[in-house]
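The following exercises invite the reader to study a protein model step by step. Each task is followed by a worked solution.

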There are 2 protein chains.
Amino acid sequence: MQDNEKRTEDIDAVYNQMEVISRRAVARTRRMSAPLSFVEHSLLVFIDTTPGCRATDIAADLQLNRSTISRQLTTLTDLGLVEYTSGNDAGRRRALRLTERGRQLRERSVEAQRGVVTSRLEEWSVEEIASFAAALARFNAGPEEPDRV
Amino acid sequence: MQDNEKRTEDIDAVYNQMEVISRRAVARTRRMSAPLSFVEHSLLVFIDTTPGCRATDIAADLQLNRSTISRQLTTLTDLGLVEYTSGNDAGRRRALRLTERGRQLRERSVEAQRGVVTSRLEEWSVEEIASFAAALARFNAGPEEPDRV
DNA sequence: TGGTTATGTTGCATAGTGCAACAATTTCTC
DNA sequence: GAGAAATTGTTGCACTATGCAACATAACCA
């Protein structure tokens with residue numbers, strides 16, 4: 001088999017496996033994120049993993065309309081899970097963070113979901129896991145498509 | 001560093017990278033799947049990748065209620081993208097497949113999304129890609145949580 | 001400082017969702 | 001094969017999520 005054919009075939013395989021990964025992750029989140037909805041959970045994740053982020057950052061990254069983010073943020077602040085770092089609600093470009101309650105909820109969610117990854121990697125050696133982590137990081141370091149706001 | 005610490009740290013890293021992968025995939029799908037909605041697209045993907053699947057299979061895998069799947073399938077069959085292999089609409093446990101139109105739409109979507117993966121792997125060697133594909137397949141071969149219907 | 005751009009909110013209309021109830025198809029047991 | 005039990009897909013209902021458009025104004029920039 002030519003290298004180009006092998007390359008294309010394995011790129012296909014990577015793509016297909018990525019499809020499986022994200023499909024399962026979405027389903028798992030649906031299953032595990034109650035009482036939060038899928039998108040509420042997604043906002044918590046993004047805010048937790050992107051220090052100093054703002055509403056338009058979320059909208060761009062999740063590819064949702066700003067109005068959706070505005071409303072979801074209202075829900076999450078009302079629930080006491082998210083707050084503005086400026087301590088007040090006025091103004092624009094306000095940076096967001098999780099509240100203590102938000103962090104606890106997030107940590108419990110991370111534990112539950114990470115448990116799935118942990119059991120998946122049970123039979124892997126330390127070297128294999130390290131290599132896999134490095135490859136994933138390398139893959140994710142690549143650029144994503146231009147944002148739409 | 002102890003092997004156990006290293007192991008835990010790299011499992012964390014795998015988990016975090018998986019989170020990024022699925023977040024980006026969801027956003028990309030939202031961006032690229034028009035005129036289909038996110039969930040319509042998800043159904044097409046599942047039907048395409050799971051030959052002979054049925055409504056309850058979809059509901060279980062995507063973790064959506066059976067009524068949601070029923071309604072989404074009505075939409076997709078009305079749009080002429082999905083059909084029943086039995087050729088008639090009556091009965092239960094009917095296997096689903098994409099129509100020719102559905103397959104064309106799916107193929108175009110695959111091409112667009114696979115393009116992102118391809119450019120991400122541009123600087124990778126053939127061996128690195130093959131190794132990555134194998135690791136992903138190995139990871140995904142692990143069991144997912146029990147289903148909920 | 002004044003003009004321009006970016007930002008978050010709100011109204012509106014539409015789409016998505018789960019629960020419950022149901023009918024009937026299918027499976028299972030004897 | 002008959003009848004019971006389980007499974008399956010649909011529908012009504014009420015609620016939730018979403019994007020577009022319009023808007024006010026905060027923030028930026030020359």
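## Exercise 1: A residue in a loop

A:Gln63 is buried, with a relative accessible area of 3%. The model is a predicted one.

**Task.** Determine where A:Gln63 lies in chain A, and state what sign its phi angle has.

**Solution.**
Step 1. The loop between α3 (55–62) and α4 (66–78) of chain A contains A:Gln63.
Step 2. The phi angle of A:Gln63 is near 55°, which is a positive value in a residue other than glycine.
Step 3. In chain B, the loop between α3 and α4 (66–78) holds B:Gln63. Phi of B:Gln63 is near 55°.
Step 4. B:Gln63 has a relative accessibility of 4% and therefore counts as buried, the cut-off being under 20%.

## Exercise 2: Cis peptide bonds

**Task.** State which residues of chain A are joined by a cis peptide bond, and which residues of chain B are.

**Solution.**
Step 1. In chain A, the cis bond joins A:Ala34 and A:Pro35, with omega at about 5°.
Step 2. A:Pro35 is placed in the loop between α1 and α2 of chain A.
Step 3. In chain B, a cis bond joins B:Ala34 and B:Pro35, again with omega at about 5°.
Step 4. The loop between α1 and α2 of chain B is the place of B:Pro35.

## Exercise 3: The contact between the chains

**Task.** Describe the contact between chain B and chain A by its residues, its buried area and its salt bridges.

**Solution.**
Step 1. Chain B contributes 62 residues to the contact and chain A contributes 63 residues.
Step 2. About 6,400 Å² is buried between the two chains, with 61% of it on carbon and sulfur atoms.
Step 3. Eight salt bridges are counted between chain B and chain A. One of them pairs the side chains of A:Arg138 and B:Glu128, at 3.1 Å from N to O.
Step 4. There are also 24 residue pairs in polar contact across this interface, both residues being at pLDDT 80 or more.
Step 5. On the side of chain B that touches chain A, at least two residues each come from α1 (3–32), α2 (38–49), α3 (55–62), α5 (100–120) and α6 (126–140) of chain B. The largest share, 24 residues, is supplied by α1(B).
Step 6. Sorted by class, this side of chain B has 32 nonpolar, nine polar and 21 charged residues.

## Exercise 4: One arginine at the interface

**Task.** Identify which residues B:Arg23 touches, leaving aside residues up to four places away in sequence.

**Solution.**
Step 1. Helix α1 of chain B contains B:Arg23.
Step 2. The residues that B:Arg23 touches are A:Phe46, A:Thr49, A:Asp61 and A:Leu62.
Step 3. With A:Asp61, the side chain of B:Arg23 makes a polar contact of 2.7 Å.

## Exercise 5: Salt bridges within a chain

**Task.** Compare the places in sequence of the partners A:Lys6 and A:Asp10 with those of B:Arg97 and B:Glu83.

**Solution.**
Step 1. Side chains of opposite charge can pair when their charged atoms come close. The whole structure has 18 salt bridges over all chains.
Step 2. A:Lys6 forms a salt bridge with A:Asp10, with 3.2 Å between the closest N and O atoms. Both residues belong to helix α1 (residues 3–32) of chain A and are four residues apart, about one turn of the helix.
Step 3. A:Lys6 is partly exposed at a relative accessible area of 30%, whereas A:Asp10 is buried at 7%.
Step 4. The side chains of B:Arg97 and B:Glu83 meet in a salt bridge of 2.8 Å, N to O. B:Arg97 lies in strand β2 (residues 96–98) and B:Glu83 in strand β1 (residues 82–84) of chain B, so this pair ties together parts 14 residues apart in sequence.
Step 5. B:Arg97 is partly exposed, with a relative accessible area of 36%, and B:Glu83 is partly exposed as well, at 31%.

## Exercise 6: Cysteines

**Task.** State how many disulfides a search of the whole structure finds, and whether A:Cys53 is buried or exposed.

**Solution.**
Step 1. Over all chains, the search finds zero disulfides.
Step 2. A:Cys53 has a relative accessible area of 1% and is therefore buried. B:Cys53, at 1% relative accessibility, also counts as buried.

Methods: Residues are numbered from 1 along each chain as its sequence is written. Chains are lettered from A and ligands numbered from 1 in the order in which they are written. This is a predicted model: local features need pLDDT of at least 70, side-chain atom pairs count only at pLDDT 80 or more; totals for chains, interfaces and linings use all residues. Side-chain values use heavy atoms; hydrogens and water are left out. Contact means heavy atoms within 4.5 Å. Buried area is the accessible area (1.4 Å probe) that two parts lose on being put together, summed over both. A salt bridge is a side-chain nitrogen of Lys or Arg within 4 Å of a carboxyl oxygen of Asp or Glu. A polar contact is a pair of N or O atoms within 3.5 Å; within protein, one must be able to donate a hydrogen and the other to accept it, and residues adjacent in sequence count only if both atoms are side-chain atoms. Ala, Val, Leu, Ile, Met, Phe, Trp, Tyr, Cys and Pro count as nonpolar, Asp, Glu, Lys and Arg as charged, and the others, Gly among them, as polar. A disulfide is a pair of cysteine sulfur atoms within 2.5 Å. Buried means under 20% relative accessible area, exposed over 50%, partly exposed in between (1.4 Å probe, protein chains only).
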